[in-house]
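Q: I'm new to reading protein models, and I'd like a close look at just one part of this one. Could you go slowly and show me how that part fits with the rest?

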Amino acid sequence: MEEFKIPTKVFSGNDSLTWLQNISNKKILMVCDAFLPGTPTLDRIKKNVEGKNEVTIFSDVKPDPPLENIMAGVEVFNKVQPNVVIGIGGGSAIDTGKAVRFFGEKLNKYTIDLFVAVPTTSGTGSEVTQHSVLTDTEHHKKAPIMEDSIIPDVALLDPQLVMTAPKSVSAFSGLDVLTHSLESLVAQDSNTITDALAEKAASVILHNLVECYRHGDNEAARKVVHEASCAAGMAFANAGLGIAHSIAHQLGANFHVPHGLACAMMLPHVVLYNASKSDFALHKYAEAFKKSGLVSNSMSDRIAVKRLAVQIQHMMVEMDCPQTLKSFGIDPAEALKMVDTVVDGAKKDGTFPGNPVVPSDEDLAALYKQVIK
């Protein structure tokens, strides 16, 4: 029996933040990116809840949230004893909020009334998923929480919040959406419903991401990309992911490559690998790319998939994204020393089982080596 669920209520549009006015007489813990306090973005959000609620802000959020930062947030949770948590920012901020909520509830033996996610990047889909990806900095590995109890109750998608994102953030986070889309499309638990979300999200990114990169103030493009990020999150929350993410997590943990960029480095190679080993993956990738209108419906599946891989790399060039660890600034000799570590970490990663093909250690090593230099 297949299961598909979207427990999060999603509100989209430049007036979506007004939903927060429904919250009153609550103790609110806002978990947000470190640069947000004092900005118009956070002021816009706060004005919808201040005056009728007690608001505390925790902003000691770092990229790829380290466990020690989560514990600092939990200390604030313990003091405040909130009944509402609002996660505001990119994926790291929302993941931090989800993790603080998870451990805070465990330690204090109660359940909060409401978790609201307000993404300020179009990328992780964390606003609708059961994942919180943390980093064990001591052991250089990811430490994910995967629990339905941390799925946000409400997601507010305001395109105006992403319009001031730096160009690199727009590029990396948008390529993360494309990776979520294409990996969930061929994942072990994919189905007709997740395919619909994944195909549409992929098409939106292929058509609109470079425009968002070049013209960040294009609100119409920003809105559809923001919604595509959410749709791709729904897809992979139900279908799963694959080895582009498994290896990308190792690039982040060992070399501090931003998550979306690490995924983008791996994605074209993983697409070609999966398509070469699985007719199921080959056809689904090709079908999705043909539906985007960027290639002819009469094109053979194999050529279409090759064009898809080239399209991903072309988008990376257009958005000034490094495609290898060397171009990111990592010494290839040092990266080569990490082959066994990366392969071992990828196999243990929570996204690994979702891949349509079970790769050998040699296959994983070969994929990793393709992004070294």
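The part I have in mind is helix H14, along with its surroundings. Which residues of helix H14 are buried, and which helices do those buried residues pack against?

A: Happy to! One thing to keep in mind throughout: this is a predicted model.

Let's get our bearings before zooming in. The protein chain is built from 14 helices and eight strands. Its radius of gyration is 20 Å, close to the 21 Å that the globule rule gives for 373 residues, so the chain is as compact as a globular protein of that length. If you draw a box around its C-alpha atoms along the principal axes, you get roughly 60 × 45 × 45 Å. Of the 373 residues, 58% are buried. And if you take the contacts between residues at least 6 apart in sequence, 79% of them join residues at least 24 apart.

UniProt can help us place H14. An unreviewed entry there puts a feature called "domain: Fe-containing alcohol dehydrogenase-like C-terminal" at residues 171-370, and H14 covers residues 361-369. That annotated span is 76% helix and 0% strand, and its end C-alpha atoms lie 21 Å apart. The unreviewed entry also has "domain: Alcohol dehydrogenase iron-type/glycerol dehydrogenase GldA" at residues 7-159. That one is a mix, at 25% helix and 28% strand.

Now for H14 itself. Its buried residues are Leu-364, Ala-365, Leu-367 and Tyr-368. They cover an arc of only 160° around the axis, which puts them on the same side of H14. A bit of helix geometry is handy here: an α-helix has 3.6 residues a turn, so residues three or four places apart point the same way. Try finding that side in the structure in front of you.

What does that buried side meet? The buried residues of H14 pack against five helices: H7 (243-255), H8 (259-277), H11 (325-328), H12 and H13. Let's visit a few of these.

Start between H12 and H13. Helix H12 spans 332-337, helix H13 spans 339-348, and Met-338 sits in the loop between them. Met-338 touches Tyr-368, which you've already met as one of the buried residues of H14. Setting aside residues up to four places away in sequence, Met-338 also touches Asn-254 and Phe-255. Is Met-338 itself hidden away or out in the open? Somewhere in between: at 22% relative accessibility, it counts as partly exposed, because the buried label needs a value under 20%. For a sense of scale, pick out Val-84: it is 254 residues from Met-338 in sequence and 42 Å from it in space, C-alpha to C-alpha.

Next, move to the loop between H7 and H8, where you'll find His-256. Here His-256 counts as exposed, at 60% relative accessibility. His-256 also has a positive phi of about 60°, although it is not a glycine. That's worth a second look, since most residues other than glycine have a negative phi. If you want another example, Asn-25 has a positive phi of about 55°. Asn-25 lies in the loop between strand S1 (9-12) and strand S2 (27-32), and it is exposed too, with a relative accessible area of 69%.

Last stop: H8, one of the helices that the buried side of H14 packs against. Find Asn-274 in this helix. Asn-274 is buried, with a relative accessible area of 1%. Who does it touch, once we leave aside neighbours within four places in sequence? The contacts of Asn-274 are Val-186, Ile-243, Ala-281, Tyr-285, Asn-355, Pro-356 and Val-357. Val-186 there gives you a link to another helix, since H4 covers residues 167-186.

So here's your picture of H14. Leu-364, Ala-365, Leu-367 and Tyr-368 are its buried residues, and they sit on the same side of the helix. Facing them are H7, H8, H11, H12 and H13, and from the loop between H12 and H13, Met-338 reaches Tyr-368 as one of its contacts.

Conventions
Residues are numbered from 1 along each chain as its sequence is written. This is a predicted model: local features need pLDDT of at least 70, side-chain atom pairs count only at pLDDT 80 or more; totals for chains, interfaces and linings use all residues. Side-chain values use heavy atoms; hydrogens and water are left out. UniProt positions are given in the numbering used here, feature names are shortened, and annotations may be inferred rather than shown by experiment. Helices (H or I, at least four residues) and strands (E, at least two) are DSSP runs, numbered from the N terminus. Buried means under 20% relative accessible area, exposed over 50%, partly exposed in between (1.4 Å probe, protein chains only). Contact means heavy atoms within 4.5 Å. The arc is that of the directions from the helix axis to the C-beta atoms. The radius of gyration is taken over C-alpha atoms; the globule rule is 2.2 Å times the number of residues to the power 0.38.
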